[in-house]
Amino acid sequence: MSLREAYDAYLSARAALTEDPYGPIWLNQEQRYVHPFRIYGNVWYVGDSWVCVHLIDTGDGLLLIDSGNCGATAMLVQAIYEAGFDPADVKWIIHSHGHLDHIGGANFFRRMYGTKLYLGAPDARMFRERPWISAIQDAHSTLETLFTPDHEITDGELLRFGGTEIACYLVPGHTEGCVALFFDARDSGETRRCGYYGGFGFNTLQKDYLIEIGDPEYKTRNAYLRSLARVRDQRVDIFLGNHCNNNDTLGRRKKQLEDPDGPNPFVDEQAWGAYLDRKRDELLAFLSDPANT
Ligand SMILES: [Zn+2]
């Protein structure tokens, strides 16, 4: 291929991306930049306006929950700096699940800073055996790759990172290796319980999708219902989103800015249960819809 032909191929790929309804996920991601902010105590928001990334200052290194969309790593590094931290202090990343919009920074942090990568064991297996389920091929870059985690999270595991202890549960549904996490955030002597559910989307429960991934009986859907029920009654003061629409991250942030001395809008004991109940009801409606059976 001549230089000119190669350039033309580049232009047509670029034009196709602009026309693609999912193009905005990849083009100009910086439009989704969110100035980082403290959610509560040692827990910070460093994600964008679509996919969440949380930073926990454990007192002995930084822990990230998720590493953002593929192609958004520079933005994540900027957010960590802007929050007043050094990205080189990120010792660990726990990944909510193995989809491409949550693992974007993993390889960069490992190579650049020696960060240890954590992922639910079933999604680590998915990376090895059926990596296409990660959708990494949709990242519009052959520079993006999956990774072998340093640690595969198993159900019921209690993980310690500096002064933070995280109770981990596998909550299969959106992917098989989604994790739910529960831990205490600290703010000058006070603690609040944070709850995180690593993936709610129903996009992976559609008929054709499940048949393609080898679940012709749609068992994944009932597994998802059981997962929601299993962690529904955890005590959670602060519900952390996986995507911003889960807990209205930006609406709560707006309230925080409007009334900085008022009650912390992220401390909301009802939010976790209410959202999990809503997802259960939506899932039951999805299951009873003849179009999905
Ligand atoms: Zn996902």
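In this predicted model, Phe109 is buried, with a relative accessibility of 0%. The ring of Phe109 pairs with that of Phe108 in an edge-to-face arrangement, with 5.6 Å between the centres and 85° between the planes. Phe108 itself is partly exposed, at 29% relative accessibility. A further edge-to-face pair joins Phe108 to Tyr113, at 5.8 Å centre to centre and again with 85° between the planes. Tyr113 has a relative accessible area of 23% and is therefore partly exposed, as the limit for a buried residue is under 20%. Over the whole structure, a search finds 20 aromatic pairs. Ring pairs also connect Tyr169, Phe182, Tyr197, Phe200, Phe239, Trp272 and Tyr275 into a cluster.

The zinc ion is coordinated by three histidines, His97 through NE2, His99 through ND1 and His174 through NE2, at 2.1 Å. The spacing of these donor residues along the sequence is H-x1-H-x74-H. The pair His99 and His174 links distant parts of the chain, the two residues being 75 residues apart. His99 lies in the loop between β5 (90-95) and α3 (106-113), whereas His174 lies in the loop between β9 (164-170) and β10 (179-187). Both His99 and His174 are buried. Water is not among the atoms of the model, so the site may look incomplete.

An open sheet is formed by five strands in the order β8-β9-β10-β11-β12, with mixed pairing. The edges are occupied by β8 (158-161) and β12 (238-240); each has a single partner strand, so one side of each is left without a neighbour in the sheet. From one strand to the next, the twist averages 25°. Strands of a sheet pair through backbone hydrogen bonds, in either the parallel or the antiparallel sense.

At the β8 edge, β8 and β9 are antiparallel and are paired over four bridges. Phe161 has Thr164 in β9 as its bridge partner. The two strands β8 and β9 make a hairpin with two residues between them, and Gly162 in the turn has a positive phi of about 55°. Strand β9 is mostly covered, with five of its seven residues buried. β9 is also joined to β10 by four bridges, and these two strands run antiparallel. Within this arrangement, Leu170 stands opposite Val179 in β10.

Towards the β12 edge, β11 (residues 190-197) pairs with β12 in the parallel sense over three bridges. Tyr196 is placed opposite Leu240 in β12. Helix α9 (residues 271-288) packs on the sheet and touches β10, β11 and β12. The direction of helix α9 makes about 10° with that of β11.

Backbone geometry was examined next. Most residues other than glycine have a negative phi. His140 has a positive phi of about 60° although it is not a glycine. The loop that holds His140 runs between α4 (121-129) and β7 (151-153). At 46% relative accessibility, His140 counts as partly exposed, because the value falls between the limits of 20% and 50%. Tyr218, also not a glycine, has a positive phi near 60°. Tyr218 is located in the loop between α5 (207-212) and α6 (219-231). With a relative accessible area of 17%, Tyr218 is buried, because this value is under 20%.

Charged side chains are also placed over aromatic rings. Arg221 lies over the face of Tyr218, at 4.4 Å from the ring centre. Lys279 lies over the face of Phe202, at 5.2 Å from the ring centre.

Definitions and conventions: Residues are numbered from 1 along each chain as its sequence is written. This is a predicted model: local features need pLDDT of at least 70, side-chain atom pairs count only at pLDDT 80 or more; totals for chains, interfaces and linings use all residues. Side-chain values use heavy atoms; hydrogens and water are left out. Donors are N, O and S atoms within 2.8 Å of the metal (3.2 Å for Na, K and Ca); water is not among the atoms, so sites may look incomplete. Buried means under 20% relative accessible area, exposed over 50%, partly exposed in between (1.4 Å probe, protein chains only). Two strands pair if DSSP finds at least two bridges between them. Axes are lines fitted to C-alpha atoms, for helices over the stretch in contact, and angles run from 0 to 180 degrees between N-to-C directions. Contact means heavy atoms within 4.5 Å. Rings of Phe, Tyr and Trp (its six-membered ring) pair if their centres lie within 6.5 Å; planes under 30 degrees apart count as stacked, over 60 as edge-to-face and the rest as tilted. A charge sits over a ring if NZ of Lys or CZ of Arg is within 6 Å of the ring centre and within 35 degrees of the ring normal.
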